[in-house]
Amino acid sequence: MDNIAGTKSSLTWAVHLSVVALVALWLFPTVGLLVSSFRTADQIATSGWWKSMFPSEQNLTLRTDAPETQAQIDGLYVIEGKLFEEGKDATISVWGISSRAIADFNAGDTAELRKGGTVTVQADGSYRMENAEPFEGSRGSRIFVTAETPPEFTWANYKNVLITGDATDNMTKAFFNTLTVTIPATIIPILIAAFAAYALAWMDFPGRALLIAFIVALLVVPLQLALIPLLRLHLGIGIGKGYLGVWLAHTGFGLPLAIYLLRNYMVGLPRDIIENARVDGATEFQIFTKIILPLSFPALASFAIFQFLWTWNDLLVSLVFLIDATGETTVMTKQIVELLGTRGGNWEILATSAFVSISVPLLVFFAMQKYLVRGLLAGSVK
Amino acid sequence: MHPALLGLVTIIMGVGGCVGYFWLSNIALDNFIYPPRGPNAGRNINRANIVRPWLFLFPALFALSVYLAYPVVETIRLSLTERVTQSDGSTTYDFVGFANYAQMMAEDKFWEALGNNMMWLIVVPALSTAFGLLAAQLTDRIGWGSIAKSLIFMPMAISFVGAAVIWKLVYDARPPGTEQIGILNAIYVWFSGNEPQQWLTVPFWNSFMLMIVLVWIQTGFAMVILSAALRGIPEETVEAAIVDGANPFQIFFKIKIPQIMGTIVVVWTTITIVVLKVFDIVFAMTNGQWETQVLANYMYDKLFRANDWGVGSAAAMVIMLLVTPILVWNVYNARKEMK
């Protein structure tokens with residue numbers, strides 16, 4: 001359309017820029033959390049994440065080596081070393097030896113120490129202390145520097161959240177609990193729905209239209225209605241709160257969409273194939289397993305993604321049907337909500353936990369986006 | 001038993017059970033109940049074919065009835081009863097008519113939740129659809145459109161709870177004078193010079209802060225669907241408009257929009273349903289404090305904090321009532337389509 005004479009768009013640039021702005025706006029919040037999860041608590045609390053990409057000027061209080069490391073060179077007592085840890089690539093602009101005058105000297109200058117002797121600090125953080133008398137005391141002198149530090153990121157938060165953290169921070173258990181909820185809750189409804197969808201699509205029986213209407217109606221029934229009656233039912237028949245209950249609940253809640261999607265897809269399969277198979281004497285069961293199921297793979301994949309995302313991201317169903325007072329079966333969403341309450345200010349833990357939980361759906365999303373889009377189109381547009 | 005092992009066993013039993021049920025019941029039907037041989041062969045084949053659909057449907061219908069249809073009926077009943085603990089420790093459910101509804105309507109929190117929900121119902125579908133339409137129209141015209149689309153679509157995969165954390169960081173406020181780490185306050189302080197705001201505690205506006213989260217998630221959905229609809233518009237109509245000298249804005253609003261109106265309605269109603277059920281975002285970000293309550297969270301409060309099943313069920317019925325017009329509309333359309 002853009003190539004039609006006279007419409008060669010003068011708007012092209014505006015369009016590109018608008019899309020860039022839109023994408024940036026949509027991406028910005030997530031990127032903020034991702035970047036924050038790689039920063040230390042101090043960094044997060046003292047500067048916005050958007051500044052972490054660039055070198056930043058920081059005021060640091062550092063300490064020289066203790067007097068016991070001094071050496072005697074040419075009659076002088078000397079302590080030499082680096083103020084920064086190994087591998088840190090910072091540049092000192094100004095420095096001082098008192099907290100009241102932290103910018104008295106430029107890099108390369110020499111300062112008189114109060115207790116005697118001099119100290120010289122270079123831009124790269126190396127220093128040299130000299131004194132005619134031996135240095136005394138158990139600790140080194142404090143040096144106040146203003147340094148330009150390059151962006152710095154760390155894996156420590158992930159290590160804390162996944163491996164070393166204590167019970168409230170560690171997500172490993174919740175991660176596996178979530179996985180335990182998700183996989184059966186994704187597979188079982190597919191199977192049940194596939195058979196039902198086939199019957200609704202290709203078998204003739206009285207009441208079929210009514211049943212389809214029934215399923216379309218159930219598609220929008222709010223989950224909230226089901227909470228108390230089902231919890232009562234589960235408690236009544238002895239399932240109680242636990243994995244079995246949450247699997248059953250997710251299966252029930254996922255079925256209407258599953259049947260609807262699969263039926264819409266199966267109806268579109270070519271009639272000839274099915275009738276030929278019938279003429280050739282295949283039973284309905286054979287037609288279903290040997291022809292319909294393989295052909296319906298795209299629709300099955302679509303629904304599997306929906307159900308996976310929905311069960312992985314779910315909070316309400318797990319709260320009601322799974323998590324009991326012991327908290328042994330907590331899922332990631334629930335743990336994050338708890339962290340929001342107890343550690344609302346600890347962004348390094350929150351951001352990292354949230355990203356651990358988000359990462360799996362994002363992987364699935366980017367790997368199988370094609371099927372997700374197809375499913376959405378089949379599910380809502382007719 | 002370890003839960004992971006239990007999960008594996010469940011998968012095997014669930015899948016095995018389903019396949020076994022379908023397989024065995026078909027064999028039983030074909031070979032034993034109505035075998036296609038003997039004097040009644042023809043009649044038996046017919047009968048088997050009458051029964052078979054129900055074999056295929058049974059597990060699904062059973063699960064749907066127990067997990068969705070029965071709760072609707074049961075919730076109606078519970079909303080009309082009160083749970084009373086008798087002196088001997090047993091619980092009974094006494095019929096109280098509309099007392100639960102009356103009690104609920106006397107509460108300010110309920111009206112606050114209903115009012116907020118109405119605001120959500122207007123703002124979220126409208127903004128999501130508008131942004132989705134804009135994104136769809138713009139990305140369809142450029143080379144890297146599909147990348148842009150998948151980035152705008154991405155929040156769909158993020159849980160409401162994850163989104164709540166993401167946006168809490170955006171809204172974060174530090175004491176005045178210190179450096180702001182929430183982008184919104186950083187921009188706000190930079191431009192206005194005022195003190196940073198605790199955005200989530202400012203009544204009225206904080207509801208919009210929560211709505212933005214849902215708009216952010218749902219825009220991708222609207223974009224994907226509307227983009228497909230835009231591509232389905234016949235080229236000729238657009239070309240005819242160009243020949244007649246229409247400018248791009250006229251083409252968009254007068255030619256394209258009217259043709260995809262049906263799809264816009266579908267997107268709008270789908271997002272409306274999501275909005276009515278919105279729970280996690282409010283639960284995780286404010287838990288209904290500072291006048292941000294919504295119906296779903298109000299109901300959860302009643303059920304599991306106040307332990308008042310009667311009023312909780314009544315609140316659930318209000319949500320159901322709000323969904324009903326869409327339900328009827330969907331069923332009506334589905335039936336029309338099948339004819």
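Contact, for the first stop of this tour, means heavy atoms within 4.5 Å. This is a predicted model, in which local features need pLDDT of at least 70 and side-chain atom pairs count only at pLDDT 80 or more, while totals for chains, interfaces and linings use all residues. Residues are numbered from 1 along each chain as its sequence is written, chains are lettered from A and ligands numbered from 1 in the order in which they are written, and side-chain values use heavy atoms, with hydrogens and water left out.

**The interface**

Select chain A and chain B together: the contact takes 110 residues from chain A and 108 residues from chain B. Between them the two chains bury about 9,900 Å², 82% of it on carbon and sulfur atoms, where buried area is the accessible area (1.4 Å probe) that two parts lose on being put together, summed over both.

Which residues form a salt bridge, with the closest N and O atoms 2.7 Å apart? Pick Arg232(A) and Glu74(B), which form that salt bridge; the term stands for a side-chain nitrogen of Lys or Arg within 4 Å of a carboxyl oxygen of Asp or Glu, and the count between chain B and chain A is 1. The largest share of the side of chain B that touches chain A, 21 residues, comes from H2(B).

**Helix H2 of chain B**

Now select residues 41–79 of chain B, which make up helix H2; helices (H or I, at least four residues) and strands (E, at least two) are DSSP runs, numbered from the N terminus. At 1.5 Å a residue, the 39 residues of this helix should span 57 Å, and the end C-alpha atoms are 53 Å apart, which agrees; the expected span is 1.5 Å times one less than the number of residues. Centre the view on Leu57(B), where H2(B) bends by about 50°, and look for Pro59(B), a proline that follows within four residues. The bend is the angle between axes fitted to the seven residues ending at a residue and the seven starting there.

**A link within chain A**

Move to Asp124(A) and Lys82(A), which form a salt bridge with their closest N and O atoms 3.9 Å apart. This pair links distant parts of the chain, 42 residues apart: Asp124(A) lies in the loop between strand E7 (118–121) and strand E8 (126–131), and Lys82(A) lies in strand E3 (residues 76–82).

**An annotated span**

Finally, select residues 114–330 of chain B, which the UniProt annotation "domain: ABC transmembrane type-1" (unreviewed entry) covers. The span is 74% helix and 0% strand, and its end C-alpha atoms lie 24 Å apart.

Methods:
UniProt positions renumbered as here; feature names shortened; annotations may be inferred.
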